[in-house]
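Here is a friendly briefing to read alongside the model. Take a look at the fold, and then go through the points below.

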Amino acid sequence: MPVWVQALLWGTVAGAALVLGAAVSWKWTMSSKVVSSIMSFGAGVLISALAFDLVDEAEQGGGLWPTMAGFLAGALAYVGANALLARRGAKHRKRSGEKQPSEDRQPGSGTAIAVGALLDGIPESVVLGLGLVSGGTVSTAVLAAVFISNVPEGLSSTAGMKKSGRGAGYVFGVWGGIALISGIASLIGYLSMQNAPAELVAFITAIAAGGILAMIADTMIPEAFEEHHVLTGLIAALGFLTAFAISRLGG
């Protein structure tokens, strides 16, 4: 299979996990404690992938300074964009409770939430394509981490969308569209960086990684700790260890 097809395929597969999570949440109503526990696991998975795969590989391939510069740039870009979207009603887009505003309460919030969901998913997809540039094959650990973390993201956000009165057409239109765009983003990440110097690949990879970490802190962790109970930290630790094990066994 051509590598560019792999980039498109794996990016779409990772994005499809959002649709899977949305479908589960749409069909079954889960308690907020269950949803926050699942989100805790997903947050731990992504943090592990950042630490042991994305940032580490970027530094080894392109050096410390391009990696640090890219990581900071990615975090700043995400935080800035997220702040703008928050003012338009997308602040609680991953919350499963009743914090998401309805369209009647805040006109334009539906569009803001959709754009925010896209903002959350693009960095994860881009790194899948970038991984194909350096390794020639998709990173099993990163793909698994993105897929595993996308399920609770889709699940939690959809629960909040339902409670704010949004219909199935909106919900599955958003997640289906993001799944397709995720594949395209992965493809662009691969095609645009094929002949790029290692320092630039490291810089772009780190931009995505910085954006992902900011996304975890701004949108996933608040939902993960919405329902405090004694196992929350342990569940996040299990997610971290799961991704770490996949990274080492896959390598």
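R93 is a good place to start: with a relative accessible area of 2%, R93 is buried (buried means under 20% relative accessible area, exposed over 50%, partly exposed in between, with a 1.4 Å probe and protein chains only). This is a predicted model, in which local features need pLDDT of at least 70 and side-chain atom pairs count only at pLDDT 80 or more, while totals for chains, interfaces and linings use all residues. Residues are numbered from 1 along each chain as its sequence is written, and side-chain values use heavy atoms, with hydrogens and water left out.

**The salt bridge**

- One salt bridge is present in the structure (a side-chain nitrogen of Lys or Arg within 4 Å of a carboxyl oxygen of Asp or Glu).
- The partners are R93 and D120, whose closest N and O atoms are 2.9 Å apart.
- R93 sits in the loop between α3 (64-90) and α4 (109-135) while D120 belongs to helix α4, so the pair ties together parts that are 27 residues apart in sequence.
- D120 is buried as well, at 2% relative accessibility.

**Overall fold**

- The chain has eight helices and zero strands, where helices (H or I, at least four residues) and strands (E, at least two) are DSSP runs numbered from the N terminus.
- The radius of gyration is 17 Å, which agrees with the value near 18 Å for a compact globule of 251 residues; the radius is taken over C-alpha atoms, and the globule rule is 2.2 Å times the number of residues to the power 0.38.
- Along the principal axes, the C-alpha atoms fill a box of roughly 50 × 40 × 35 Å.
- Buried residues make up 46% of the 251 in the chain.
- Of the contacts between residues at least 6 apart in sequence, 85% join residues at least 24 apart (contact means heavy atoms within 4.5 Å).
- Carbon and sulfur atoms account for 69% of the accessible surface, which comes to about 10,900 Å² (Shrake-Rupley method with a 1.4 Å probe; for residues, only the protein chains shown count as cover).

**Nonpolar cores**

- The largest nonpolar core has 25 residues, and those with the most contacts inside it are L54, I212, M215, I216 and M220; such a core is a set of buried Ala, Val, Leu, Ile, Met, Phe, Trp, Tyr and Cys residues joined through side-chain atoms within 4.5 Å.
- Two or more residues of this core come from each of α1 (3-27), α2 (32-62), α3, α4, α5 (140-163) and α7 (198-224).
- Helix α7 gives the largest share of this core, eight residues.
- Another core, of twelve residues, lies apart from it, with L18, L85, A112 and I178 among them.
- Beyond its neighbours within four places in sequence, M215 is in contact with L46, Y78, K94, D120, E124, E153 and M220, a list that includes the salt-bridge partner D120.

**S125 in helix α4**

- S125 lies in helix α4 and counts as buried at 3% relative accessibility.
- Its side chain reaches the backbone oxygen of G121 at 3.2 Å.
- Not counting residues up to four places away in sequence, S125 touches S182, A185 and S186.

**R105 in the loop**

- R105 lies in the loop between α3 and α4 and counts as exposed, at 58% relative accessibility.
- Leaving aside neighbours within four places in sequence, R105 is in contact with K99 and Q100.
- The C-alpha atoms of R105 and Q194 are separated by 46 Å, with their positions 89 residues apart along the chain.

How values were computed
Polar contact = N/O pair within 3.5 Å; in protein donor to acceptor, adjacent residues only side chain to side chain.
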